[in-house]
Amino acid sequence: MPLLDLTPDELLKTTRSVRKRLDLVKPVPMSVIDECMDLAIQAPTSTYGENWRFMIVTDPDKKKAIAEWYKKGHDLFELRQNSAEEELNGAHSAKNRVLSSINYLAENLKDIPVLMIPCILGRLDAEQVAYNVQYQATMYASIIPAVWNFMLAARARGMGTCWTTLHLPFEREVGKIVGIPVEEVTQIAMIPVAFTLGTKFKAAARRPLNEVMRLNDW
Ligand SMILES: Cc1cc2nc3c(=O)[nH]c(=O)nc-3n(C[C@H](O)[C@H](O)[C@H](O)COP(=O)(O)O)c2cc1C
């Protein structure tokens with residue numbers, strides 16, 4: 001798959017959460033997913049554990065069933081947002097834009113060509129893990145870098161992705177749809193993947209570095 005003409009810095013600056021600009025029509029060849037996955041698994045894992053697994057879903061009936069659970073998770077999220085909004089007494093327009101985009105994804109998830117569900121072997125809610133910060137950090141950090149590699153590789157190939165977690169209240173129900181052994185395996189996210197409508201994306205507006213970075217002393 002030919003790569004977009006982006007420098008490494010441009011790639012890092014323009015890999016955005018893409019929702020409304022996902023192309024719901026253009027098919028994504030499995031060969032491109034394989035390319036992105038090959039790059040994903042170059043990421044590190046704790047003590048070379050490679051206890052990651054990646055569920056790729058392209059089957060329309062399975063995507064439809066997953067999308068229904070995602071929508072339920074989204075509805076729970078929306079309820080929480082609405083009550084938070086009432087407390088704040090009015091909405092911020094940037095936040096409203098993101099919410100409209102989040103709604104769009106929830107309405108259209110079944111039509112996204114590919115869903116990727118990153119998983120780790122083991123349960124993050126197992127007692128010895130749930131109360132141990134080192135275990136938690138080790139398990140999450142043994143898959144998150146790989147997923148981000150995947151998302152960067154996808155962007156470099158003209159595709160868009162978005163980190164999502166809204167299906168996770170229904171992790172077990174979604175797991176059953178695609179045969180994930182939910183007693184032994186934890187899903188950590190769901191990444192929709194599609195070609196993007198246009199390939200130009202902007203850098204995000206973030207808090208200034210001096211607000212978030214400390215040097216030598218907190
Ligand atoms: C841990 C995590 C969970 C997220 N969950 C969702 C989600 O369930 N649905 C969704 O549409 N976006 C989700 N997002 C995307 C964020 O809303 C997104 O990062 C934010 O809109 C900023 O986008 P930007 O990186 O393009 O600036 C998630 C992002 C992260 C890092």
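Let's say a residue is near the ligand if one of its heavy atoms lies within 4 Å of it. With that cut-off, and bearing in mind that this is a predicted model, 14 residues surround the ligand. The closest are Arg 16, Ser 17, Arg 19, Trp 163 and Thr 165. If you sort the shell by element, helix α4 (residues 93-108) supplies the largest share, with 3 residues.

Now for the polar atoms around the ligand. In the side chain of Arg 19, an N or O atom sits 2.7 Å from an oxygen atom of the ligand. Thr 165 uses its backbone instead: an N or O atom there is 2.8 Å from a ligand oxygen. Tyr 70 deals with a nitrogen atom of the ligand, which has a polar side-chain atom of that tyrosine 3.0 Å away. And how much of the ligand does the protein cover? On its own the ligand has 630 Å² of accessible area, and the protein covers 65% of that.

Leave the ligand for a moment and look at strand β2, residues 114-121. Is it enclosed or open? Buried here means under 20% relative accessible area. By that standard 7 of the 8 residues of β2 are buried, so the strand is largely enclosed by the rest of the structure.

Its strand partners are easy to trace. Strand β1 (residues 52-57) pairs with β2 over 6 bridges in the antiparallel sense, and within that pairing Phe 54 has Pro 118 as its bridge partner. Strand β5 (residues 191-195) also runs antiparallel to β2, joined by 3 bridges; here Val 114 is matched with Val 193. Then there's strand β4 (residues 185-187), again antiparallel to β2 and again with 3 bridges. To find that pairing on screen, look for Cys 119, which stands opposite Gln 187.

Helix α7 (residues 144-156) comes into the picture next. From first C-alpha to last, its 13 residues reach 18 Å, close to the 18 Å expected at 1.5 Å a residue. Its buried residues include Ala 146, Val 147, Phe 150, Met 151 and Ala 154. As a reminder, an α-helix has 3.6 residues a turn, so residues three or four places apart point the same way. The buried list for α7 also takes in Leu 152, Ala 153, Arg 155 and Ala 156.

What do those buried residues pack against? Their contacts are with α1 (8-14), α2 (30-40), β1, β2, β3 (159-161) and β5, which brings us back to the strands we just walked through. After α7 comes Gly 158, whose phi is positive, near 85 degrees.

Terms used: Residues are numbered from 1 along each chain as its sequence is written. This is a predicted model: local features need pLDDT of at least 70, side-chain atom pairs count only at pLDDT 80 or more; totals for chains, interfaces and linings use all residues. Side-chain values use heavy atoms; hydrogens and water are left out. Buried means under 20% relative accessible area, exposed over 50%, partly exposed in between (1.4 Å probe, protein chains only). Helices (H or I, at least four residues) and strands (E, at least two) are DSSP runs, numbered from the N terminus. Two strands pair if DSSP finds at least two bridges between them. The expected span of a helix is 1.5 Å times one less than its number of residues. Contact means heavy atoms within 4.5 Å. A polar contact is a pair of N or O atoms within 3.5 Å; within protein, one must be able to donate a hydrogen and the other to accept it, and residues adjacent in sequence count only if both atoms are side-chain atoms. Accessible areas come from the Shrake-Rupley method with a 1.4 Å probe; for residues, only the protein chains shown count as cover.
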